[in-house]
Amino acid sequence: MKVFKFGGASVKDAASVKNVREILSHYNGERLCVVLSAMGKTTNALEAVADAWIKQDMAAITLLNEIETFHMDISKELNGAGSKQLKLIIREIRQLLQSAPPALYDAAYDLVVSNGELMSTAIVSDYLNLNGLTNQELDARKVLITNEAYRNARVSWEETSGKIRAAFDESNPEQFAPVTVTQGFIGSSTNGHPVTLGREGSDFSAAIFAYALDAGEMIIWKDVPGVLNADPRHFDDTVLLDRISYRDAIELAYFGASVIHPKTIQPLQNKNIPLYVKSFEKPEEKGTLIHSFEDQPLNTPCYIVKKEQVLVSVSPNDFSFIAEDGLHTIFGLLSHMGIRINLMQNSAISFSICIDDHPDKLNRLFKALSGDFRVKYNRGLELITIRYYNKKITDKIVNKRPVLLEQKSRLTVQLVVESQKSK
Ligand SMILES: Nc1ncnc2c1ncn2[C@@H]1O[C@H](COP(=O)(O)OP(=O)(O)O)[C@@H](O)[C@H]1O
Ligand SMILES: N[C@@H](CC(=O)OP(=O)(O)O)C(=O)O
């Protein structure tokens, strides 16, 4: 069994869907689990629909009409009549928008946003079936079971593994074709409510399927040749990494290398499943292999720049040691508010954290801290992470900017610097 993941960029229009078929045709006869994301930027568009619906703004219908046109145009280009399944999904979203949204914003969000992946699989599965690649569609909501943490649902591994294995059981009469097409990013809670796993979570979904199925390998098909030592959108002269260890991959992804979702690595590492990242434009090229190469450190510096960062320093008003009681309170607030720490450092009476600049969350945090702590902050910053750093590359990326905070380990340096002034 191989698990393939095709992201939004690889199914963004009719030509891309034809390319997916072409790639799959090279694996003729093999058992494949094909995990798809929503087409192009559909998830962003559905977020706008959800927001309008929750605010009971009529714009929700207009926005949905645009999404319908986008998908129907692609589906008709691939199959003159358009997918019947797609029409049903759009009818269901329309009915949903006519009802009152649930009180919980995130539950309403998941009800709407989960449809992106359903529309995409309906179109692709239909096209493949009409063009010689017989497949069945599996509704990921029936097998990927989670808690009810909407928009960031946590997987119930045992139940999910059992359900996935049962769905792929070859003695199961519903299993008739070697190819199964399913959705990334979505699942359902134990109470049967649709959930999403967090933005860009389809890579993670594919890893969940790979884990449950004890897959021989997983391939993520991307618009880049593989994992590079930096994001080619922001740096010239990037280098393809032929092979990297699970450890390097999880560290790079965690620090913000957006080519792989950070949660993808753990399930694969746990079952020692090799992960390939390959180009959907040049599928014959070998791409990057991520596997258990833990004793083979890279000799190429890898760097990641996270923009729109804020550095927050918190000190207790009563001059007490921050580590004694302060940290407990601060971590509790951060966890409760869903704020992720990108870098942290403490001294006797102060604690500094570098976090993403979300003004609403920051204001709530500052308000909650204001009773017991003095809070200072700097905005307009970048967090630079360099794994396998050396002085030359560090100086080049910092480019003489003031460094507000620096942290070094044997392999990794992280620096908080002022953002480059745009010319
Ligand atoms: N280290 C890296 N190596 C390769 N690509 C990277 C890296 N860091 C960031 N990227 C970016 O990740 C993008 C691919 O991810 P993404 O757009 O999420 O794909 P998809 O939505 O199709 O899954 C590339 O276009 C590239 O700009
Ligand atoms: N469609 C979801 C899930 C996802 O992973 O998408 P992509 O594979 O295009 O990053 C999102 O945009 O967040």
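## Around ligand 2

In this predicted model, the shell around ligand 2 is mostly a polar affair: eight of its residues are polar, two are charged and two are nonpolar. If you want to find them in the structure, look for Gly7, Gly8, Ser37, Ala38 and Thr43, then Gly116, Gly184 and Phe185, and finally Arg199, Glu200, Gly201 and Ser202. Glycine counts as polar here, which is worth keeping in mind when you see Gly7, Gly8, Gly116, Gly184 and Gly201 in that group.

Thr43, one of the residues around ligand 2, sits in helix α2, which covers residues 42-54.

## What the UniProt record marks

Thr43 turns up again in the UniProt record: an unreviewed entry gives the feature "binding site" at Thr43 and Glu117. The two span 75 residues in sequence, yet their C-alpha atoms are no more than 8.5 Å apart, so they gather at one spot.

## Around ligand 1

Ligand 1 has 18 residues around it, and the closest are Gly7, Ala9, Leu228, Asp231 and Val259. Gly7 is also listed in the surroundings of ligand 2.

As for the make-up of the ligand 1 shell, eight residues are nonpolar, five are polar and five are charged.

## Helices α4 and α6

Now for the helix packing. Helix α4 (residues 84-98) and helix α6 (residues 115-130) have axes that come within 8 Å and cross at roughly 165°. Angles over 145 degrees count as roughly antiparallel, and therefore α4 and α6 are described as roughly antiparallel to each other. The crossing of α4 past α6 is left-handed.

On the α4 side, the contact is made by Gln85, Leu86, Ile89 and Ile93, while α6 brings Asn115, Leu118, Met119, Ala122, Ile123 and Asp126. Sorted by class, that contact has seven nonpolar residues, two polar ones and one charged one.

## Helices α8 and α9

How do the axes of helix α8 and helix α9 cross? Helix α8 (residues 157-167) and helix α9 (residues 202-213) cross at roughly 75°, with their axes coming within 9 Å. That makes α8 roughly perpendicular to α9.

Where they meet, α8 supplies Thr160, Ser161, Ile164 and Arg165, and α9 supplies Ile208, Phe209, Ala212 and Leu213. Five residues of this contact are nonpolar, two are polar and one is charged.

Notes: Residues numbered from 1 in each chain as written. Chains lettered and ligands numbered in written order. Predicted model: local features only at pLDDT ≥ 70, side-chain atom pairs only at ≥ 80, totals over all residues. Near = placed C-beta within 6 Å. Axes fitted to C-alpha atoms, helices over the stretch in contact; angles between N-to-C directions. Helix = DSSP H or I, 4+ residues; strand = E, 2+ residues; numbered from the N terminus. Parallel < 35°, antiparallel > 145°, perpendicular 65-115°, else oblique. Left-handed = near helix turned anticlockwise from the far one by under 90°. Contact = placed C-beta atoms within 7 Å. UniProt positions renumbered as here; feature names shortened; annotations may be inferred.
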